[in-house]
Amino acid sequence: MARRIVCQQESLSSSSRPVTVAIYARVSTLIHGQDPARELEEYAQRRGWQVFDCYVDKGYSGKKDSRPALNKMMQDAHQRKFDVVVVWKFDRFARSVSHLIRALETFNTLGIQFVSLSEQVDTSTPTGKMVFTVLGAVAELERNLIVERVRAGLRHARSKGKKLGRPRVAADAAKIAALREQGLSWAAIGDRLGIGEGTAYRAAQSSAKKVAGAVSLTCCEHAAD
């Protein structure tokens, strides 16, 4: 995953057309007169970039990875309406390291660069690529630790004799067979008996296998005689 983030991309400066930039800012508390995108716009102007749009979420917590302006920016990114995304700080953009890495993977796939002004990270530079290599490794480690904790919890639950998974639903195979003979569909049988369509089908199949096994055993006993 980290390798995908840092794959070599064409330098922005080598493009003959103007570089377009999307500015994203988030203000968790509404403050009169505050303009979080102003310094980002000035930064883009100093680099000679054209601002495509400013996406600002006001009054939204950073704990949410779904925000109106952020969602709109990601939609525009998929349409490749800009070349660069500029943010003030990592935590003003992403909810977590995992969220950040997922967004970077998306930008990398779309050929969009990412700049965080406060951290002075620019994925179009070798240093920026290195930083995100480290972030990618951290995110992968985080996922592995979560998986291991889940597995450890399951092992502990099993050692205590706890049954895992959804509880089994009792199904009357005889009733299912009778309703099936009446021409009812599996969905109708499930509705009639208050069970799932799949449960009804599996119960019928299991019953049929048991009957077939019993018949086979009887035939073998008669052949032996």
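1. Two rings of Phe, Tyr or Trp count as a pair if their centres lie within 6.5 Å, and with that in mind one can see that Tyr24, Phe93, Phe107 and Phe114 form one aromatic cluster. The structure discussed in this note is a predicted model, and a search of the whole of it finds 8 aromatic pairs. Within the cluster, the rings of Phe93 and Phe114 have centres 5.3 Å apart and planes at 50°, so this pair is described as tilted. Because Phe93 belongs to helix 4 (residues 90–93) and Phe114 to strand 4, the pair ties together parts that are 21 residues apart in sequence. Both Phe93 and Phe114 are buried.

2. A second aromatic pair makes a useful exercise in reading angles. Trp186 and Tyr201 have ring centres 5.2 Å apart and planes at 90°, and the pair is therefore edge-to-face; planes over 60 degrees apart are given that name. Trp186 is in helix 8 (residues 186–193) while Tyr201 is in helix 9 (residues 197–224), so that this pair ties together parts that are 15 residues apart in sequence. As for the surroundings of the two residues, Trp186 counts as buried because its relative accessibility is 17%, whereas Tyr201, with a relative accessible area of 39%, is partly exposed.

3. Strand 4, which holds Phe114, deserves a closer look. Are the faces of strand 4 (residues 113–116) covered or uncovered? Both are covered, since Gln113 and Val115 on one side are buried, as are Phe114 and Ser116 on the other; the cut-off that this reading needs is that buried means under 20% relative accessible area.

4. The partners of strand 4 can be taken in turn. Strand 3 (residues 84–87) runs parallel to strand 4 and is joined to it by 4 bridges, with Val86 standing opposite Val115. Strand 5 (residues 121–122), by contrast in direction, pairs with strand 4 in the antiparallel sense over 2 bridges, and here Ser116 of strand 4 stands opposite Val121. Strand 4 and strand 5 form a hairpin with 4 residues between the strands, and in this hairpin Gln120 takes a positive phi near 55°.

5. Strand 5 also takes part in a salt bridge, one of a total count of 4 salt bridges. The side chains of Arg47 and Asp122 meet with a distance of 2.8 Å from N to O. This pair links distant parts of the chain, for Arg47 is in the loop between helix 2 (38–46) and strand 2 (50–58) and Asp122 is in strand 5, 75 residues apart. The two partners can be told apart by accessibility: Arg47 is partly exposed because its value is 37%, but Asp122 has 8% and is therefore buried.

6. Which residues do salt bridges with shared partners join into one network? The place to begin is Lys72 and Asp76, whose side chains meet in a salt bridge of 2.8 Å, N to O; both lie in helix 3 (residues 68–78), 4 residues apart, which is about one turn of the helix. Asp76 also meets Lys81 in a salt bridge, here with an N to O distance of 3.4 Å. Salt bridges that share partners thus join Lys72, Asp76 and Lys81 into one network. Asp76 is buried, because its relative accessible area is 3%, while Lys72 at 38% counts as partly exposed, and Lys81 at 32% counts as partly exposed.

7. Pro18 is a residue in the loop between helix 1 (2–5) and strand 1 (20–27). With a relative accessibility of 44%, Pro18 is classed as partly exposed. If its neighbours within four places in sequence are set aside, Pro18 is in contact with Gln50 and Asp83. Asp83 is 65 residues from Pro18 along the chain, and the C-alpha atoms of these two residues are separated by 9.4 Å.

8. The last point concerns the surface. Met130, Val134 and Val138 form a nonpolar patch there, and together the three have about 270 Å² of accessible area. Val138 has its place in helix 6 (residues 126–159), and because its relative accessibility is 41%, Val138 counts as partly exposed. A student may wish to set this patch beside strand 4, where Val115 is among the buried residues.

Definitions and conventions. Residues are numbered from 1 along each chain as its sequence is written. This is a predicted model: local features need pLDDT of at least 70, side-chain atom pairs count only at pLDDT 80 or more; totals for chains, interfaces and linings use all residues. Side-chain values use heavy atoms; hydrogens and water are left out. Buried means under 20% relative accessible area, exposed over 50%, partly exposed in between (1.4 Å probe, protein chains only). Two strands pair if DSSP finds at least two bridges between them. Contact means heavy atoms within 4.5 Å. Patches are made of residues with over 30% relative accessible area and no salt bridge: like charges are joined within 9 Å, nonpolar side chains (Val, Leu, Ile, Met, Phe, Trp, Tyr) within 5 Å. Accessible areas come from the Shrake-Rupley method with a 1.4 Å probe; for residues, only the protein chains shown count as cover. Rings of Phe, Tyr and Trp (its six-membered ring) pair if their centres lie within 6.5 Å; planes under 30 degrees apart count as stacked, over 60 as edge-to-face and the rest as tilted.
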